[in-house]
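Biologist: I am new to this structure and would like a close look at a single part of it. Could you take one helix and explain what surrounds it?

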Amino acid sequence: MRALVTGANGFIGRWTLDLLKSRGAEVHAVTTRSGAFDADVEWHQVDLLCQADRIALLERTKPTHLLHLAWYTTHDLYWTSPENLKWLSCSIELAEEFASVGGERIVVAGTCAEYDWSSGICHEYRTPMAPNSFYGSCKLGLYHVLDGLMTIRGMSWAWPRMFHLYGPGEHPDRLVASVLRSLLSAEIVQCSHGRQVRDYLYVKDCAEALVEILCSTVEGPINVGSGIPLTIRELVRTIANKIDPTARLEFAKDPETPTSASIVVPDIARLRNEVGWKPSRSLSLGLSETAEWWGRMSDRF
């Protein structure tokens, strides 16, 4: 296997590289950043939005497998940014170019934001698709295009729809990170009303799931989550109990909005039964490792 990973220095991508190497893959990692990285991986500093650079990369590496994680991810802005259109177009072209150099299997990152969040439990084939954001609409559009294109090309492909993630390296203003930062600074933890039910998966487990999907033959949309729903209040209190059980937690009385729907959790039967994967870390362990990381990083934020 010659695996090409885009977004390889990102929140999720960085954790996939060692996993791929452990399977004996020749790993090519794509990043826009300069600097020294893991010497056991061949790094390529490439602007994927430039067609000439993409084609040159694919000609050099001739990957058999592509794990495409790169997208516009600036915190909060990505929900509505026109940059989503650039990545929609780039991703379609990348898939076609990958096929043209003899690629065998492609796995592209989807999102739970494609679903109709009023449906509660999300199933890959039964739950309506009704994104409430421009980001979700662009991802769903990419899914439909690739579904047709890969059929025409006769290529193996999968579309993991990831739900809520947490772990080392996430943006400091995301939920778990912001709660940990407040607790480590002995500040009041301020949250929404907290009654929303969500599924939170540790990022290292997510990386394992993606690599397992890439190395499998399972095709189409696959929900990626922990399979353990919990309320935001339960999550926040669990975090607080690890850091400071006496910490002051303030839950707002704000009404629900489309992005704070009551229940957004995945049906992960395909992931468990067809891919044969389940998380190897408990919520407690994942939160402990994340808290340790933020403790080390606290002087940087």
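Modeller: What follows is a description of helix α2 and its surroundings. This is a predicted model, in which local features need pLDDT of at least 70 and side-chain atom pairs count only at pLDDT 80 or more, while totals for chains, interfaces and linings use all residues. Residues are numbered from 1 along each chain as its sequence is written, and side-chain values use heavy atoms, with hydrogens and water left out.

Helix α2 spans residues 51–61, where helices are DSSP runs of H or I with at least four residues, strands are runs of E with at least two, and both are numbered from the N terminus. Within this helix Arg54, Leu57, Leu58 and Thr61 are buried, a word that stands for under 20% relative accessible area, whereas exposed stands for over 50% and partly exposed for what lies in between, with a 1.4 Å probe and protein chains only. These four residues lie on the same side of α2 because they cover an arc of only 95° around the axis, the arc being that of the directions from the helix axis to the C-beta atoms. On the other side of α2, Ala52 and Arg60 are exposed.

The buried residues of α2 pack against three strands, β1 (2–6), β2 (26–31) and β3 (42–45), and against helix α3 (83–100), with contact taken as heavy atoms within 4.5 Å.

Turning to the helix partner, the axes of α2 and α3 come within 10 Å and cross at roughly 30°; axes here are lines fitted to C-alpha atoms, for helices over the stretch in contact, and angles run from 0 to 180 degrees between N-to-C directions. That angle makes α2 roughly parallel to α3, since angles under 35 degrees count as roughly parallel, over 145 as roughly antiparallel, 65 to 115 as roughly perpendicular and the rest as oblique. From the α2 side, Gln51, Arg54, Ile55 and Leu58 meet Cys90, Glu93, Leu94, Glu97 and Phe98 of α3. The residues of this contact divide into five nonpolar, one polar and three charged, where Ala, Val, Leu, Ile, Met, Phe, Trp, Tyr, Cys and Pro count as nonpolar, Asp, Glu, Lys and Arg as charged, and the others, Gly among them, as polar.

Arg54 and Leu58 belong to the buried set and also take part in the meeting with α3. Finally, just after α2, lysine 62 takes a positive phi of about 45°.
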